[in-house]
Amino acid sequence: KSLLRGEVERAPHFITNCSELWACAYRNWGAMQGHTKLFASQWDANWKCIDLEKDPKELDPKSPACAALVPVAEARGRPFGR
(Lines give C-alpha, C1' and ligand atoms only; values in the text may rest on other atoms or scores of the structure.)
Protein backbone atom coordinates (compact mmCIF):
# COMPACT_ATOMS: atom_id res chain seq x y z
CA LYS A 1 0.00 0.00 0.00
CA SER A 2 1.36 3.40 -0.91
CA LEU A 3 1.91 5.76 2.01
CA LEU A 4 2.40 8.65 -0.41
CA ARG A 5 -1.11 8.85 -1.89
CA GLY A 6 -4.39 9.94 -0.43
CA GLU A 7 -5.32 10.74 3.13
CA VAL A 8 -2.97 10.08 6.02
CA GLU A 9 -3.95 6.75 7.55
CA ARG A 10 -4.55 6.59 11.29
CA ALA A 11 -3.77 2.87 11.64
CA PRO A 12 -0.12 2.00 12.35
CA HIS A 13 1.90 0.49 9.48
CA PHE A 14 5.15 -1.48 9.65
CA ILE A 15 7.81 -0.07 7.28
CA THR A 16 11.08 -1.49 5.97
CA ASN A 17 13.32 -1.12 2.93
CA CYS A 18 13.99 -4.89 2.70
CA SER A 19 11.83 -7.94 2.10
CA GLU A 20 12.03 -11.47 0.78
CA LEU A 21 11.56 -10.03 -2.72
CA TRP A 22 13.75 -6.91 -2.44
CA ALA A 23 17.41 -7.06 -1.44
CA CYS A 24 19.02 -4.06 0.21
CA ALA A 25 22.50 -2.82 1.09
CA TYR A 26 21.54 -2.05 4.70
CA ARG A 27 18.37 -2.74 6.65
CA ASN A 28 15.91 -0.19 8.04
CA TRP A 29 12.80 -0.90 10.12
CA GLY A 30 10.07 1.08 11.72
CA ALA A 31 6.41 2.00 11.86
CA MET A 32 4.27 4.95 10.84
CA GLN A 33 0.96 6.23 12.11
CA GLY A 34 -0.48 9.49 10.86
CA HIS A 35 2.40 11.96 10.73
CA THR A 36 4.52 10.05 13.26
CA LYS A 37 7.42 7.88 12.09
CA LEU A 38 9.48 5.51 14.26
CA PHE A 39 12.60 4.10 12.58
CA ALA A 40 16.06 2.61 12.99
CA SER A 41 18.83 1.33 10.75
CA GLN A 42 20.86 -1.82 11.32
CA TRP A 43 23.66 0.12 13.05
CA ASP A 44 21.38 2.08 15.42
CA ALA A 45 21.19 1.21 19.11
CA ASN A 46 17.76 2.81 19.66
CA TRP A 47 14.63 3.86 17.82
CA LYS A 48 14.36 7.37 16.39
CA CYS A 49 11.07 9.25 16.26
CA ILE A 50 9.96 12.03 13.91
CA ASP A 51 6.80 14.11 13.82
CA LEU A 52 6.70 14.67 10.06
CA GLU A 53 4.21 17.51 10.37
CA LYS A 54 6.51 19.51 12.69
CA ASP A 55 9.81 18.28 11.19
CA PRO A 56 9.21 17.40 7.49
CA LYS A 57 12.95 17.38 6.71
CA GLU A 58 13.57 14.85 9.51
CA LEU A 59 16.34 16.90 11.11
CA ASP A 60 15.58 16.20 14.79
CA PRO A 61 14.63 12.52 15.43
CA LYS A 62 13.74 13.02 19.10
CA SER A 63 9.97 13.40 19.18
CA PRO A 64 8.41 11.72 22.25
CA ALA A 65 5.27 10.71 20.31
CA CYS A 66 6.29 7.19 19.18
CA ALA A 67 5.79 5.00 22.25
CA ALA A 68 2.69 3.32 20.76
CA LEU A 69 4.60 2.45 17.57
CA VAL A 70 7.41 0.51 19.26
CA PRO A 71 5.42 -2.77 19.59
CA VAL A 72 4.31 -2.52 15.94
CA ALA A 73 7.90 -2.10 14.72
CA GLU A 74 9.44 -4.70 17.04
CA ALA A 75 6.82 -7.33 16.16
CA ARG A 76 8.23 -7.53 12.61
CA GLY A 77 11.54 -5.67 12.74
CA ARG A 78 14.87 -6.44 14.40
CA PRO A 79 14.76 -5.94 18.17
CA PHE A 80 17.84 -4.20 19.51
CA GLY A 81 20.56 -6.21 21.19
CA ARG A 82 20.38 -9.16 18.77
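1. The side chain of Asp 51 reaches the backbone nitrogen of Glu 53, at a distance of 3.0 Å. This note starts from that contact; the model is a predicted one. Asp 51 belongs to strand β4, which covers residues 48-51.

2. What is the nearest side chain of opposite charge to Asp 51, and how far away is it? The residue is Lys 54, at 4.0 Å. Asp 51 is buried and has no salt bridge. Apart from neighbours within four places in sequence, the contacts of Asp 51 are with His 35 and Ser 63.

3. Some context for the chain. Its secondary structure consists of one helix and four strands, and the order from the N terminus is β-β-β-β-α. The chain has 82 residues, of which 29% count as buried. About 6,000 Å² of the chain is exposed, with carbon and sulfur atoms supplying 54% of that area. Of the contacts between residues at least 6 apart in sequence, 32% join residues at least 24 apart.

4. Strand β4 also carries one half of a disulfide: Cys 49 lies in this strand, while Cys 66 lies in the loop between β4 and α1 (70-76), so the pair ties together parts that are 17 residues apart in sequence. The count for the structure is one disulfide. The sulfur atoms of Cys 49 and Cys 66 are 1.9 Å apart. The disulfide is right-handed because the torsion about its S-S bond is about 80 degrees.

5. Are the two cysteines buried or exposed? Cys 49 has a relative accessibility of 6% and therefore counts as buried. Cys 66, with a relative accessible area of 4%, is buried as well.

6. How many salt bridges does a search of the whole structure find? The search gives three. Side chains of opposite charge can pair when their charged atoms come close. The three pairs are taken in turn below.

7. Lys 37 pairs with Glu 58 in a salt bridge, and their closest N and O atoms are 2.9 Å apart. This pair links distant parts of the chain: Lys 37 sits in strand β3 (residues 36-41) and Glu 58 in the loop between β4 and α1, 21 residues apart. Lys 37 counts as buried because its relative accessibility is 16%, and buried means under 20%. Glu 58, at 33% relative accessibility, counts as partly exposed.

8. A salt bridge also joins the side chains of Lys 48 and Asp 44, at 3.4 Å from N to O. Here the acidic partner is the buried one: Asp 44 has a relative accessible area of 11% and so is buried, whereas Lys 48, at 28% relative accessibility, counts as partly exposed.

9. The remaining salt bridge is between Lys 62 and Asp 60, with the closest N and O atoms 4.0 Å apart. That distance should be read with the cut-off in mind, because a salt bridge requires a side-chain nitrogen of Lys or Arg within 4 Å of a carboxyl oxygen of Asp or Glu. As for accessibility, Lys 62 counts as exposed at 66%, and Asp 60 as partly exposed at 45%.

10. To return to Asp 51: this residue is buried without a salt bridge, although Lys 54 is 4.0 Å away. The polar partner given above is the backbone nitrogen of Glu 53, which the Asp 51 side chain reaches at 3.0 Å.

Methods:
Residues are numbered from 1 along each chain as its sequence is written. This is a predicted model: local features need pLDDT of at least 70, side-chain atom pairs count only at pLDDT 80 or more; totals for chains, interfaces and linings use all residues. Side-chain values use heavy atoms; hydrogens and water are left out. Helices (H or I, at least four residues) and strands (E, at least two) are DSSP runs, numbered from the N terminus. Buried means under 20% relative accessible area, exposed over 50%, partly exposed in between (1.4 Å probe, protein chains only). Contact means heavy atoms within 4.5 Å. Accessible areas come from the Shrake-Rupley method with a 1.4 Å probe; for residues, only the protein chains shown count as cover. Lys and Arg count as positive and Asp and Glu as negative; His and the chain ends are not counted. A polar contact is a pair of N or O atoms within 3.5 Å; within protein, one must be able to donate a hydrogen and the other to accept it, and residues adjacent in sequence count only if both atoms are side-chain atoms. A disulfide is a pair of cysteine sulfur atoms within 2.5 Å.
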